[in-house]
Protein chains: 2
Amino acid sequence: MASTEPPTAAAAEADAADSKAAISKKAAKKEAAKAEKLRRQQEAAAAAAAAAAAAEEADPLATNYGDVPLVDLQSKAVSGRTWTPLAQLEAELKDQSVLVRGRAHNVRAVGKNMTFLVLRERGYTVQCVLTVSPELVSRQMVKFASGLSRESIVDVEGVLTVPSSPIKGTTQQVEIQVRKIYCISRSAANLPINIEDASRSEAEFERAEQTGEQLVRVGQDTRLNFRVLDIRTPANLGIFCIQCQVSNKFKEFLLLEDFVEIHSPKLIAGSSEGGSAVFKLDYKGQPACLAQSPQLYKQMAICGDFGRVFEVGPVFRAEDSYTHRHLCEFTGLDVEMEIKEHYSEVMDIVDRLFVAMFDHLNQICQKELDAIRRQYPFEPLKYLPKTLRLTFQEGVQMLQEVGVEIDPLGDLNTESERKLGQLVLEKMLYGQHGLTFFLVDLSLDTGTIRSFTYFIDILWLLDHSTQCPVMMTQHTVIHLMSSFEG
Amino acid sequence: MASTEPPTAAAAEADAADSKAAISKKAAKKEAAKAEKLRRQQEAAAAAAAAAAAAEEADPLATNYGDVPLVDLQSKAVSGRTWTPLAQLEAELKDQSVLVRGRAHNVRAVGKNMTFLVLRERGYTVQCVLTVSPELVSRQMVKFASGLSRESIVDVEGVLTVPSSPIKGTTQQVEIQVRKIYCISRSAANLPINIEDASRSEAEFERAEQTGEQLVRVGQDTRLNFRVLDIRTPANLGIFCIQCQVSNKFKEFLLLEDFVEIHSPKLIAGSSEGGSAVFKLDYKGQPACLAQSPQLYKQMAICGDFGRVFEVGPVFRAEDSYTHRHLCEFTGLDVEMEIKEHYSEVMDIVDRLFVAMFDHLNQICQKELDAIRRQYPFEPLKYLPKTLRLTFQEGVQMLQEVGVEIDPLGDLNTESERKLGQLVLEKMLYGQHGLTFFLVDLSLDTGTIRSFTYFIDILWLLDHSTQCPVMMTQHTVIHLMSSFEG
């Protein structure tokens, strides 16, 4: 197998072919074959590297492409170069030279003289083109680009051009004519998840079935086992960005309304809400619990003259999962405030809070909402600038009018909640399709306890792991609870 | 003890006196005496209530003061009244009628015709004056105000006046001439903590000792046992507000720098950082751990193409406390970001982050900083708009020049850190007193590991329970760690 000739890429390929043949002959001695295969692969890799080095010598453009050695990436120097984010690659940069870094989303060679490489960064994609051209792009350079494995991290320097016809399959409507290309970190050749596969909607699968096309469906277990790949899909990136903006706007709004953010203990001596649904642990020889809510501490803060407080943090419930709303750990958005004289003061805040959050998401998360909608279509949320309020009696009456049997003193079940949402949408928001946001004031004349509930279906908006219980206190003994569950 | 005469307040007092005398006679039968005392107290209270009712009948201004019954506080109606926050009571409201709600911070009767009542709300205080005056303030009304227990919640309506000389002991430099006064929630007459006592500085105690004045010192156990009272002190309210603003500015700054906020799981299957310092618990029959850091999830987010992430949330360490920096649970401010080519990119962000936070606190938390400083004097923080950076070698040299023995390849101990801070302050910031903020770049030519540390003494700024480890990743294998501990 050893060659006295300087190894070339072709030689390396021949080596590899020999190697395969050799292994098939030794099929009976699997273990030995494996070791042999590994040795030969290493030899082949070494040969390929030597070949690449040789090609470099041969190619006067060799310094314009290649794998960057790890040691050169480790804070060697500050070069002063600027990487342009893919999101900023617009037609106005036409004819300018840009440097970008992204993942190899897709690589498509067209013969030996041309390769298309789609780079992806934070959900944005751009097409890079390598065409063999004297003194600019060598055939070896095109070959290097064609051989990049998907998801590898790549630096590209090139000139921005604007094609006359729209580019399908990339978010950016420009192309980069590549002049230099370096692989910063090479991915394994076969990843367990292809991001394109993981990003498909049900509609795509249905269309493919009709045309007989075979599409790979990524199962839930694979997604969870390789979560770092799964979260690279535009829809998943979008969900995380929207979650971030939900809590961002929640905080921004409440701070402007004179609320103080607190961070209450999660390790506590007793259960916060009683019952058995509490995680217990040993705290240096003493029994301890994980907080089921920040309830006690929020109320302490109110009694401590904070006036208005909120917290965004983990909440622990040792409950079994009966519905998709039950979780052992979720991020709670909690609010507690003094009431001057009437619980409607709380509704006033919460109404405006939610409308502010919805407006905010519509204003700054359109790209993320679109990305989610492409994979998981959803109806738009319908809401009024001043939130619609129904009394419980009005809600019951609306349901009874359409024949739903309901106990006027009982609870609404999930089905009647959904029906009520539909009725509100049709009768009061004059829509046929969509999700609604409205309030049902559950107060009955039972004396000291009053409660109300905000209804919505917003699985697209809040992650399943996010609930929003809103707790309120007055200086005296009035306790109100509203539950907002996605 | 029963009287056929209509009971009066005087009679009730006489009853109480009798009652005490009776108990002292029965000292041998303590239990019986206790029961008797309780019965008599109840009788006395009933008598007092009857007396108050009688006084109400007699006083034509009776509707202008009194205790508001609980049932009237429970969301009876929306009156449309507006309560002016104490913070907004300024001279420009002179001669206007205002309605305020606050706690009775201090009550001082001057004879039977005049009472001064200081109200407190969120650390702001205002003096309310009741002076007997025909058709405005009755003697009974003054008596009612004089009898308010400290920390009771009180509504006051009155006219704003501006005294000619400054008012000592209140934050607001106006007075309210009381026209109506109602007690919303009456506190117990003797609370375990007096807020004034809990707010004193060491300097006050020293002055009192010199003049022979006796001041009550509130011990740490009492503070912790009655935390809802202790957190009402201006310094404690200030600490919580500053904590809130620290995380607020942290988030605001990072969001503008394209970071995404994440909320990572705290219940995990294995320990996040290894070692024994992990809380273990039973998760439905399986072993689980509390997260020692969001490290794994932050790095997953970076590998998942988020680019830059941060988290503010609880961190659990089952460590014994060796220093005031060791805590079993604290709120971590965590950052993780991609590096393009050099770890100085992280230092650039962190430098600007801290300077932005310090500037923010100086701009909007002056009142809170002053409140803390009054009770716990501290030196101001000295920092440069562009954070001072020292290499480890420079730091070692500075220490060696003043005779500190130090291993040029070892760690700085707490003492040498403090000494270095003092040297930086004197030599580079030209100050004599204060705390400094600066960076020591700990990178040594050890290959792949580089680290740096920000030094500061900011116990006044971050609560003991807040630490700020900053973790960073590059796409490849560079891991940087900076620890910021208060």
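Here are some short exercises on this predicted two-chain model, each with a worked solution.

Residues count from 1 along each chain as its sequence is written, and chains are lettered from A, with ligands numbered from 1, in the order in which they are written. Because the model is predicted, local features need pLDDT of at least 70 and side-chain atom pairs count only at pLDDT 80 or more, while totals for chains, interfaces and linings use all residues; side-chain values use heavy atoms, with hydrogens and water left out.

**Exercise 1. Confidence**

Find where confidence in chain A is lowest and where it is highest.

Solution.
- Start with the scale: pLDDT is the predictor's confidence in each residue, from 0 to 100. Chain A has a mean of 80, and 78% of its residues reach 70 or more.
- Now go by element (helices are DSSP runs of H or I with at least four residues, strands are runs of E with at least two, numbered from the N terminus). The low end is strand 19 (residues 479-485) of chain A, with a mean of 23, and the high end is strand 5 (residues 153-161), at 97.
- Then look at the weak stretches. Residues 457-486 of chain A are below 50, yet they have 119 contacts in the model beyond near neighbours in sequence (contact means heavy atoms within 4.5 Å). Residues 444-450 of chain A also stay under 50, with 13 contacts beyond four places in sequence.
- For the model as a whole, the scores are ipTM 0.81 and pTM 0.81.

**Exercise 2. How the copies are related**

Work out what turn and shift lay chain A on chain B.

Solution.
- Superpose by least squares on the C-alpha atoms of residues with pLDDT of at least 70 in both copies. A turn of 180 degrees with a shift of 0.0 Å along the axis does it, at an RMSD of 0.2 Å. That's the relation of a two-fold axis.
- To spot the axis in the viewer, go to A:L281: of the residues of chain A, its C-alpha comes closest to the rotation axis, at 2.5 Å.
- Next, the interface. Chain A puts in 77 residues and chain B puts in 77 residues. Since 100% of chain A's interface residues are also interface residues in chain B, the copies meet through the same surface.
- Finally, the area. About 6,600 Å² is buried between the chains, and carbon and sulfur atoms give 58% of it (buried area is the accessible area, with a 1.4 Å probe, that two parts lose on being put together, summed over both). A:R122, A:K340 and A:E341 supply 12% of what chain A buries against chain B, more than any other three residues.

**Exercise 3. One lysine**

Decide whether A:K266 is buried or exposed, and list what it touches.

Solution.
- Locate A:K266 in the loop between strand 7 (260-261) and strand 8 (267-268) of chain A.
- Apply the cut-offs: buried is under 20% relative accessible area, exposed is over 50%, and partly exposed is in between (1.4 Å probe, protein chains only). At 3%, A:K266 counts as buried.
- Check the side chain. A:K266 makes a polar contact of 2.7 Å with the side chain of A:E311 (a pair of N or O atoms within 3.5 Å; within protein, one must be able to donate a hydrogen and the other to accept it, and residues adjacent in sequence count only if both atoms are side-chain atoms).
- Look past neighbours within four places in sequence. The contacts of A:K266 include A:C289, A:L290 and A:P314 in chain A, plus B:P314, B:F316 and B:E329 in chain B.

**Exercise 4. A helix face**

Show why the buried residues of helix 13 of chain A line one face.

Solution.
- Pick out the buried residues of helix 13 (residues 392-401) of chain A: A:F392, A:G395, A:V396, A:M398 and A:L399.
- Look down the axis. Those residues fall within an arc of 160 degrees, so they line one face (the arc is that of the directions from the helix axis to the C-beta atoms).
- The spacing fits a rule: an α-helix has 3.6 residues a turn, so residues three or four places apart point the same way.
- Just past the helix, A:G403 takes a positive phi of about 90 degrees.

**Exercise 5. Positive phi without glycine**

Compare the settings of B:E151 and B:D258.

Solution.
- B:E151, not a glycine, has a positive phi of about 75 degrees; for B:D258, also other than glycine, phi is near 70 degrees.
- B:E151 sits in the loop between helix 4 (139-146) and strand 5 (153-161) of chain B, and B:D258 in the loop between helix 9 and strand 7 (260-261).
- B:E151 is buried at 3% relative accessible area, whereas B:D258 is partly exposed at 49%.
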